[in-house]
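Biologist: Before we discuss any labels, please put the model on the screen. I would like to ask where each term comes from.

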Amino acid sequence: MSCKPVCKLCDNLVISQAVAFTGGNLEINLPAGSYKNGEKYCIVVAQTIPTTTTINAPVYITIGTGTELYSLTKRNCSQVTAAGIRTRTRYSVCVSTTPTGGSFRMIGNPCCSPDNNLLTIDGGAAPAPTA
């Protein structure tokens, strides 16, 4: 199978303008515009993720010069953390709006992203002694 020498890019391809670690959050800034509810977008994280970013920092999307933070969530609606984001990577998302805001929900799972789930829970009690 041969490669096409010329390909049309998706109309909903969005390349980030900036990536910053601010206030404990990893913020990906997208170009100004209106992102429609239920619409699919392909977001490319074009900038380097700051080295000061902690792996458990929640990831948010900002738009243009706006200050509103929109959560980047996995397809099961849990918050994506910095451990699940890579530079120069495309993420397929769908915009989901609410009466007061919205979020960008990944269509698939981020690759190589740990789930960080606990193996067990014990209510805070000390483990039972073993024989």
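Modeller: One cut-off comes first: a polar contact is a pair of N or O atoms within 3.5 Å, where one must be able to donate a hydrogen and the other to accept it. Keep in mind that this is a predicted model.

Biologist: What does the side chain of Y91 reach at 2.7 Å?

Modeller: The side chain of Y91 reaches the backbone nitrogen of R86 at 2.7 Å. The limit is 3.5 Å, so the pair counts as a polar contact.

Biologist: Which side chain is the partner of S92 in a polar contact?

Modeller: The side chain of R90, at 2.8 Å. S92 belongs to strand 7.

Biologist: Why is Y91 called buried or exposed?

Modeller: Buried means under 20% relative accessible area. Y91 has 9% relative accessibility, so Y91 counts as buried. Y91 is a residue of strand 7.

Biologist: What touches Y91, not counting residues up to four places away in sequence?

Modeller: Y91 touches Y41, C42, I43, V45, G84, I85, R86 and M106. Contact here means heavy atoms within 4.5 Å.

Biologist: Why do you class I43 and C42 as you do?

Modeller: By the cut-off of 20%. I43, in strand 4, has 3% relative accessibility and is therefore buried. C42 has 7%, so C42 is buried too.

Biologist: Which residues is I43 in contact with, leaving aside its neighbours within four places in sequence?

Modeller: V14, L30, I61, T89, R90, Y91, V93 and F104. As for F104, its C-alpha atom is separated from that of I43 by 10.0 Å, with the two residues 61 apart along the chain.

Biologist: Why is L13 labelled with a class of its own, neither buried nor exposed?

Modeller: Partly exposed is the class between 20% and 50%. L13 has 28% relative accessibility, so L13 counts as partly exposed. L13 sits in strand 1 (residues 13-15) and touches C42 and V44, not counting residues up to four places away in sequence.

Biologist: How far is the C-alpha atom of L13 from those of S92 and Y91?

Modeller: For L13 and S92, 79 residues apart along the chain, the separation is 9.2 Å. For L13 and Y91, 78 residues apart, it is 9.8 Å.

Biologist: What makes a group of residues a nonpolar core?

Modeller: The members are buried residues from a set of nonpolar types, joined through side-chain atoms within 4.5 Å. The largest such core has 23 residues, of which I28, L30, Y35, L72, I85 and F104 touch the most other members. Strand 3 (25-30), strand 4 (40-45), strand 5 (59-63), strand 7 and strand 8 (101-106) each give two or more residues to this core.

Biologist: What is L30 in contact with, leaving aside its neighbours within four places in sequence?

Modeller: L30 is in contact with V14, S16, Q17, Y35, I43, I61, T62, I63, G64 and F104.

Biologist: What is the sign of phi at C77 and at R88?

Modeller: Positive: about 75° at C77 and about 60° at R88. Neither C77 nor R88 is a glycine. Most residues other than glycine have a negative phi, so such values call for a remark.

Biologist: Where are C77 and R88 placed, and are they buried or exposed?

Modeller: C77 lies in the loop between strand 6 (70-73) and strand 7 (89-98), and R88 is in the loop between strand 6 and strand 7. At 46%, C77 falls below the 50% limit and is partly exposed. At 74%, R88 is over that limit, so R88 is exposed.

Biologist: How many disulfides does a search of the whole structure find?

Modeller: The search finds 0 disulfides. A disulfide would need a pair of cysteine sulfur atoms within 2.5 Å, so no pair meets that limit.

Biologist: How many helices and strands does the protein chain have?

Modeller: The protein chain has 0 helices and 8 strands. Of the 131 residues, 31% count as buried. Among contacts between residues at least 6 apart in sequence, 67% join residues at least 24 apart.

Biologist: What is the confidence of the predictor?

Modeller: The protein chain averages a pLDDT of 87, and 85% of the residues score at least 70. Among the elements, strand 7 has the lowest mean pLDDT (93) and strand 3 the highest (98). Where pLDDT is low, the predicted coordinates should not be read in detail.

Notes: Residues are numbered from 1 along each chain as its sequence is written. This is a predicted model: local features need pLDDT of at least 70, side-chain atom pairs count only at pLDDT 80 or more; totals for chains, interfaces and linings use all residues. Side-chain values use heavy atoms; hydrogens and water are left out. Helices (H or I, at least four residues) and strands (E, at least two) are DSSP runs, numbered from the N terminus. Buried means under 20% relative accessible area, exposed over 50%, partly exposed in between (1.4 Å probe, protein chains only). pLDDT is the predictor's confidence in each residue, from 0 to 100.
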